[in-house]
Structure formats: C-alpha cells, structure tokens
Amino acid sequence: MFKDLLKEINLPDLLPKEQMLEILQTEIYGKLPAKPDKVEFSVQENVVPRFCAGKAAYHLVTITCHMGEKTFSFPVHATLPMDGKKHPFFVHINFRPDNPDRYQPTEEIIDNGFAVLSVYYEDVTKDDNDFTNGLAGVLFENGERPEDGTGKIAMWAWAAHRVLDYAETLPDVLDMDCAVVCGHSRLGKTALLAGATDTRFAVSYSNDSGCAGAAIARWTTGEPVSYIYDRFPFWFCQNYSKYRNNESAMPCDQHYLAASIAPRKVLIGSASKDGWACPVSEQFCCFAASPAFPNGFVCPDRLAEVGEMFFDGDIGYHLREGQHYFGREDWNKLILFVKKHFPEV
C-alpha cells in the first residue's frame, strides 16, 4: 500500500541531511537565527513551595541571549525532581505559561521519572504578523524580512535550543543523553524543526502537527499549503507562498523534516477525528522518512487502527481516539516510547 502510494504522488527522494535542512529552511521555515554570542541564566528557585507534593522543585529561569549589540530574554519554567538522581527530561514548547496546566500533567511526568522544562511560546515572540516584538524585533530591523527570513516557527525552535543550553548547566540533575523536545499543533511543527536542527535532542515528538509538520503536503485531506499560509503566513518564510495550490512543485515535503532527525528517535502522534492534522498523511510521512533511520518505521502495510502504537522502529507512530488536543494519553504514549528506546531511564 505505502510503496504504491509513494510512487503515485512522486515524493522527492531523500537527500543528505544538510541538504534537506537547507531546502526546508529556504523554502518553508526560514533560516534559523544564529547561536547567540553568549547565553546567561538567572534562576528564581522554589517559586512554589512543596511543588508536586514536595517531589519536585519549580524554578523560574530567565534566559538572556547576547546577539551582537542586542540582547533578548525569555522565561522558562523548570520542574526538577528532588531525589538526587539524574533524569531524562522534556523540553515542552507550550501554549500556556501556567505550570502545571491542561497541556502538561506535570506531577505525572515527575512520577514517571522525568524532569520538564516548559517554555511559553509567546514569551519568545507573539503568534501574529508583527515582526517587531520579542525575538522577531531583535532579528529584523523595522520588522521587514527577506524572502527566506526566519518565520515564527523557526524562532520558537531556536528558543528550544536555548533551553537546552540551560539544561547543560545541570549535569547532576538532567541527563543530556535523553533530552526530548515536544509540542502540539503549530508547536508540534516547532518540535520537529527544533529536533532536526539540534542534535542534542535524542527524541522529537510532534502531536497533531499536520501541514508543515508531519503531514505530507502532496497527499492530505487536512490543511493544504494555501489554507495554512493564508491564515498564518508569519509562521513561515515568504518563499512558502510559492506552493499555495502548487504542492507538487515543492522541492521537498514533510518526510524531509522527519528524516533530518535521523538517526535519533522521532514519535508522531495523531488523533482519529483530527481533520486539521490528517492522521493518514502523518502515518505516511513516517513510512516515507523510514529509509533515513537505522531501524526505520516498523508497521504493517496498512493504516493504523484507533489505539494502535507502532513503537519498534526509530520512528514511531500512535493513533488515539479524539480531536485536536494534547492530553494525558498523548503524554503517556510519549513516555512509553522513550522508556522503550532508553530502558536505562
């Protein structure tokens, strides 16, 4: 089934990783900002006493990036287990600044042996067409971008990299060999891009990421490029507009993004009633990206049934019942996937 479909829609062949990332950044997301000249961290410890019933400390961390003559700062909510051990951890690119919140069941994450560093995406730059605020305002004078100028998804991904810079200052608490980046919807797209462009992430998880995330643009019943670009042009570089109603002309597709994470691990989460993300197309992306990974995508040659998990390969997939949201069931699947591939955690 999948092999026949691969021929039918004429997907571009996979290329070496650096070439795929160059195309993706030039044609879809824009060039990621350069690494800062210097990064500093200011920590407000134990913001909430006896957080998670005393099992974890909650620190509010301000990350300050020095970029030439300019500086840019944003906060990170760090929840760290207090059992004296080193822990795998999630970098959660979050829709909300609250901790915990409906998108992040923090106490359950701690009980499963993980730490979590949460960054509220609009603390980095606003989710709008204004390129004078936050990081966007630092990068672009007067808010004007070139055709391949950084879109906001790329800015949020860059911020996830800076959270890893902070994680590296906690070698006795956080296990850098098991750093996981995760996000939902537009932030699922962000998580994949963050993982593809920073090899310090061992696992990348996108939940219901859809168009410009895990869904193949050439074959989807969800959002086409025209729909997503017309509504959210600021997420992308301006070059992406060339492929509105013209997906077949793209020199890439979303299997390039997943494949760029290889040989590290990827998990794609879908929902059966999510018309935006198109779970069928997201599963097909796993198959199309499979050759880039040592152990590929291990699944039957058919579409997943609701509740199924394909976790044996380096790129995994799960399909749950329900709509477009990031819930406890999704977090639990992610935890299962990480523990399967990193049994020492």
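**Briefing: a ten-stranded open sheet**

Ten strands form an open sheet in the order E1-E2-E3-E5-E4-E6-E7-E8-E10-E9, and the pairing is mixed. Strand E1 (38–44) and strand E9 (309–310) stand at the edges; each has a single partner strand, so one side of each lacks a neighbour in the sheet. The model is predicted. Its protein chain holds ten helices and ten strands.

**Overall form**

- The protein chain has 345 residues and a radius of gyration of 19 Å, which agrees with the value near 20 Å for a compact globule.
- The C-alpha trace spans about 55 × 50 × 35 Å along its principal axes.
- Among contacts with a separation of 6 or more, 70% link residues 24 or more positions apart.

**Surface and charge**

- Of the 345 residues, 60% count as buried.
- The protein chain exposes about 13400 Å².
- Carbon and sulfur atoms supply 48% of that exposed area.
- The chain carries 33 positive and 47 negative charges.
- The mean positions of these two sets of charges lie 2 Å apart.

**Inside the sheet: E6 and E7**

- Strand E6 covers residues 174–184, and strand E7 covers residues 203–207.
- The two strands run parallel and are joined by five bridges.
- Val180 has Val203 in E7 as its bridge partner.

**Pro16, in a loop between helices**

- Pro16 sits in the loop between helix H1 (2–9) and helix H2 (17–29).
- Its relative accessible area is 49%, so Pro16 is partly exposed; the exposed class begins over 50%.
- Pro16 and Ala292 are 276 residues apart along the chain.
- Their C-alpha atoms are separated by 9.0 Å.

**Ser290, in a loop before E9**

- Ser290 lies in the loop between helix H9 (279–289) and E9.
- E9 is one of the two edge strands of the sheet.
- Ser290 counts as buried because its relative accessibility is 15%, and the cut-off for buried is under 20%.
- Leaving aside residues up to four places away in sequence, Ser290 touches Gly296 and Phe297.

**To take away**

- The sheet is open, with ten strands and mixed pairing.
- Pro16 is partly exposed, whereas Ser290 is buried.
- Both residues are in loops: Pro16 between H1 and H2, Ser290 between H9 and E9.

Definitions and conventions
Residues are numbered from 1 along each chain as its sequence is written. This is a predicted model: local features need pLDDT of at least 70, side-chain atom pairs count only at pLDDT 80 or more; totals for chains, interfaces and linings use all residues. Side-chain values use heavy atoms; hydrogens and water are left out. Helices (H or I, at least four residues) and strands (E, at least two) are DSSP runs, numbered from the N terminus. Buried means under 20% relative accessible area, exposed over 50%, partly exposed in between (1.4 Å probe, protein chains only). The radius of gyration is taken over C-alpha atoms; the globule rule is 2.2 Å times the number of residues to the power 0.38. Contact means heavy atoms within 4.5 Å. Accessible areas come from the Shrake-Rupley method with a 1.4 Å probe; for residues, only the protein chains shown count as cover. Lys and Arg count as positive and Asp and Glu as negative; His and the chain ends are not counted. The place of a charge is taken as NZ of Lys, CZ of Arg, CG of Asp or CD of Glu. Two strands pair if DSSP finds at least two bridges between them.
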